[in-house]
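This report looks at a patch on the protein surface and at the helices that carry it. Please keep the sequence and the structure at hand while reading.

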Amino acid sequence: MRHARDFAVTVLVLGLLGVAGGVLWSLLAPRPPYVMTKQGALLADPSTQTLIAADGWFAVVTGALGLACGAVGYSLSRRGRPLAMVLGLTAGGLLGGYLTLVVGRAVNLGAQSVTAAGTSMTLIPGPLGLTAHGVMCAWPMLAVGLFFALEGIAGYRDSPLRRPFGGQDPYGPLSTYDISGS
């Protein structure tokens with residue numbers, strides 16, 4: 001029962017962090033400019049770098065949250081339930097990334113000024129979105145990756161295999177060997 005509770009609490013906390021991450025992403029990411037036409041809003045410059053910048057800021061925000069969650073999750077899992085924590089980091093990271101996307105699209109807190117080269121067009125800042133959907137995996141991959149890296153470092157540090165021959169001398173004490181050559 002404790003494993004299920006730890007899993008559920010981890011997923012819930014990471015989901016709440018996803019809401020905060022969405023607000024942060026909305027504050028940091030630039031908005032692509034759209035032009036108003038008779039057919040509706042169209043992307044003003046299809047080769048704009050703001051679409052890529054929004055993906056990059058999403059990866060930075062969710063990646064930083066993933067690293068923080070992985071470190072905290074590792075320190076909390078030292079009680080003896082690492083499997084529940086790893087599964088919670090994975091599921092919670094996916095949920096947190098999804099909520100970051102949903103909240104970031106809905107909030108619209110970023111810069112609202114858009115300049116135009118011509119005077120005949122009305123440009124408006126567009127909504128946030130992702131063009132590279134692979135960045136949705138940044139949070140769980142970095143969280144679980146850091147968790148396993150820290151676990152590997154701790155396991156190596158405590159391992160007797162870290163010392164040559166398991167910490168034992170394979171030849172016995174030196175006094176039993178004749179080193180004088182006779």
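## Leucine 27 and the nonpolar patch

In this predicted model, leucine 27 counts as partly exposed because its relative accessibility is 48%, a value in between the limits of under 20% for buried and over 50% for exposed. Leucine 27 lies in helix H1, and together with Leu24, Leu28, Trp57, Val60 and Leu109 it forms a nonpolar patch on the surface, for which the accessible area adds up to about 510 Å². Helix H1 (2–28) and helix H2 (50–76) are the elements that give two or more residues to this patch, and H1 gives the most, with three residues.

The two helices also meet each other. Their axes, those of H1 and H2, come within 10 Å and cross at roughly 145°, and the crossing is right-handed. On the H1 side the contact involves Leu14, Leu17, Gly21, Leu24, Trp25 and Leu28, which meet Ala54, Trp57, Phe58, Val61, Leu65 and Cys69 in H2.

For the protein as a whole, four helices and three strands are present, and from the N terminus on they follow the order α-β-β-α-α-β-α. Some overall values are set out below.

| Property of the protein | Value |
|---|---|
| Residues that count as buried | 32% of 182 residues |
| Exposed area | about 11,100 Å² |
| Share of the exposed area from carbon and sulfur atoms | 69% |
| Share of contacts with a separation of 6 or more that join residues 24 or more positions apart | 80% |

Note on methods:
Residues numbered from 1 in each chain as written. Predicted model: local features only at pLDDT ≥ 70, side-chain atom pairs only at ≥ 80, totals over all residues. Heavy atoms only, no water. Patch = residues over 30% accessible without salt bridge, like charges linked within 9 Å, V, L, I, M, F, W, Y side chains within 5 Å. Areas by Shrake-Rupley, 256 points an atom, 1.4 Å probe, with all protein chains shown as cover. Salt bridge = Lys/Arg side-chain N within 4 Å of Asp/Glu carboxyl O. Buried < 20%, exposed > 50% of the residue type's maximum accessible area, 1.4 Å probe, protein only. Axes fitted to C-alpha atoms, helices over the stretch in contact; angles between N-to-C directions. Left-handed = near helix turned anticlockwise from the far one by under 90°. Contact = heavy atoms within 4.5 Å.
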